[in-house]
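Work through these short exercises with the sequence and the 3D structure open. Try each task before reading its solution.

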Amino acid sequence: MVDNYPEEPLQPPWPKPKPYTSNIFRRLARGWKSWFGLLNEWDFRVSLGELNLLGKRVFLVNDPLLVRKVLVDEVDLFPKHPYTLWILEPLIGRAIFSVNGEEWAIQRRLIDQAFQVANLKKAFPAMTAATSSLLHRLEMNGVDSFVDIDKEMTMVAADVIIRTILSRPIEGDEATDIFKAFSRYQRHAGRALVLRFLRLPKSLIQLSLKDDAKVIRNWIQAFIHERLEQNKVDERNPLEKIDFLDTLIMAEDPKTKKKFSEQDLVDQVCFLFLAGHETSASSLGIAAWLLARSPEVQKQMRVEVMSVVCDRPIHSMLRFDELRQLPYSEAVFNEALRLYPPVSFFIRDRDKKDGELATSEGRRRCPVGSLLTLSPWVIQRHDKYWPEPHQFKPERFLKNSSSLQRNAFLPFGMGPRKCPGASFAKQEALLVLAELVRRYELLPVTDQDPDFVGLLTVRSQNGIRLRLRELEHKT
Ligand code: HEM
């Protein structure tokens, strides 16, 4: 049981920040491959960082109370930064994630309505079916095998979201083509941000993103068009066969009576597919890798899962209610989200009037047009807010946390723009991880650590290799 375990299970490797440099071009060059390259050691110690980036004032907001001010208390003064729209527009148009004001508010009411109708219980069969496909694929590899768990988790997360939205699976070559387009889009989008700082025009920046975006949009547009055509002739009550797309088609804003047009639906579904599979894939692959590196944590999680399923045969998967009885497993997932938050930064714009940003360390002027970066990656590893910040210790989420720490944990954001898919993502993650540790002993492959990069999400450039050894169990 103990072969292959790394010497430091508590301190998983991560791309450490570089020593400070005042040379902006060197910094931008470091950020070309991954935005983590823009960060200095110092950024993980200050409450508020400030930088003049070729004439633009850029802040790094770490102080949890200031984070709350920007995302919750004074949210109207800090809308999403236009760069968010620029790098995502070719793929998601003007979908909910990157727009502001009334345009956002209407979309949010419609999306919230859709989430209420297509609730967690309704989504559960899609999650079970996709997890079952994953387990089948792993079983085909044999009783002791090496797998790229990042690839497998990308597949299961995409399968969950596509089954939920469109009531169909995603598999084979179709999946491969779409993932390749996404992965190229991610790489180019990261670079687009650096190019924007260098003042390149929007049209030129978006050029490198258009082809890959088109592959994904055309694929999704075909399903939506087909469904709308079907609905025109379909006499059945839609409530009998409802999926997330149906709820989006039916949703109506109570204030404006607005509904999503066909074009809006393509934008929203492209975004929901991106949000629902990239983030979950990132967190699931990394959580499995952390479990593999930490045999004690893995053992404790397995004990918890087994105590819930008792002696049910292995083919009978965890049930909806049972997922609510796994506090330790939930703590494991939270700790994975703390150390490797899939959405590692958000950017906001200072709007309307000049202001000030105040922390216990002092005050800084914040003129209109300043760019504010709020980074779960930095805040959740900041030694002022987290003891032993780089260690993997799920138990920290079992204790009552201070309000400081609650504001310093924001993998799903905070305030009115908080992720509406958070409970969905947690349910999916608990099911997949619990079924995995129930069947397999997860072992790390020590000679190949993942090479994490910060793009639209945190992903490993070289995949995440694990060894899966089947456990003895009742059939
Ligand atoms: C581990 C998985 C996930 C993580 C870490 C995550 C994280 C986030 C974060 C940080 C934001 C807010 C960003 C900001 O304030 O700038 C966000 C927004 C959003 N997420 Fe998620 N997400 C996850 C899964 C999902 C899923 C599964 C869905 C849908 C099924 C989803 C749908 C959305 C939507 C619609 C928004 C936009 C909300 C708005 O702007 O009002 N997310 N997500």
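The exercises below deal with salt bridges, burial and a metal site.

This is a predicted model: local features need pLDDT of at least 70, side-chain atom pairs count only at pLDDT 80 or more, and totals for chains, interfaces and linings use all residues. Residues are numbered from 1 along each chain as its sequence is written, and side-chain values use heavy atoms, with hydrogens and water left out.

**Exercise 1.** Find how many salt bridges a search of the whole structure gives.

*Solution.* Start with the rule. A salt bridge is a side-chain nitrogen of Lys or Arg within 4 Å of a carboxyl oxygen of Asp or Glu. Searching the whole structure with this rule finds 30 salt bridges.

**Exercise 2.** Describe the contact between Arg137 and Glu152, and work out which parts this pair ties together.

*Solution.* Step one: check the distance. The two side chains form a salt bridge, 2.9 Å from N to O. Step two: place the residues. Arg137 lies in helix H5 (residues 120-140) and Glu152 in helix H6 (residues 149-166), so the pair ties together parts 15 residues apart in sequence. Helices (H or I, at least four residues) and strands (E, at least two) are DSSP runs, numbered from the N terminus. Step three: classify the burial. Buried means under 20% relative accessible area, exposed over 50%, and partly exposed in between (1.4 Å probe, protein chains only). Arg137 is partly exposed at 25%, whereas Glu152 is buried at 15%.

**Exercise 3.** Do the same for Asp150 and Arg459.

*Solution.* First, the contact: their side chains meet in a salt bridge of 3.2 Å, N to O. Next, the location. Asp150 sits in helix H6 and Arg459 in strand S10 (residues 458-460), so this pair ties together parts 309 residues apart in sequence. Last, the burial. Asp150 is buried at 11% relative accessibility, and Arg459 is buried at 10%.

**Exercise 4.** How many residues apart in helix H15 are Arg439 and Glu435?

*Solution.* They are 4 residues apart in helix H15 (residues 422-439), which separates them by about one helical turn. They form a salt bridge, with the closest N and O atoms 2.5 Å apart. Arg439 is buried at 11% relative accessible area. Glu435 is buried at 0%.

**Exercise 5.** Which protein atom is the donor to the iron atom of the ligand?

*Solution.* Donors are N, O and S atoms within 2.8 Å of the metal (3.2 Å for Na, K and Ca); water is not among the atoms, so sites may look incomplete. The iron has a single donor from the protein: SG of Cys419, 2.3 Å away. Cys419 lies in the loop between helix H14 (403-407) and H15.
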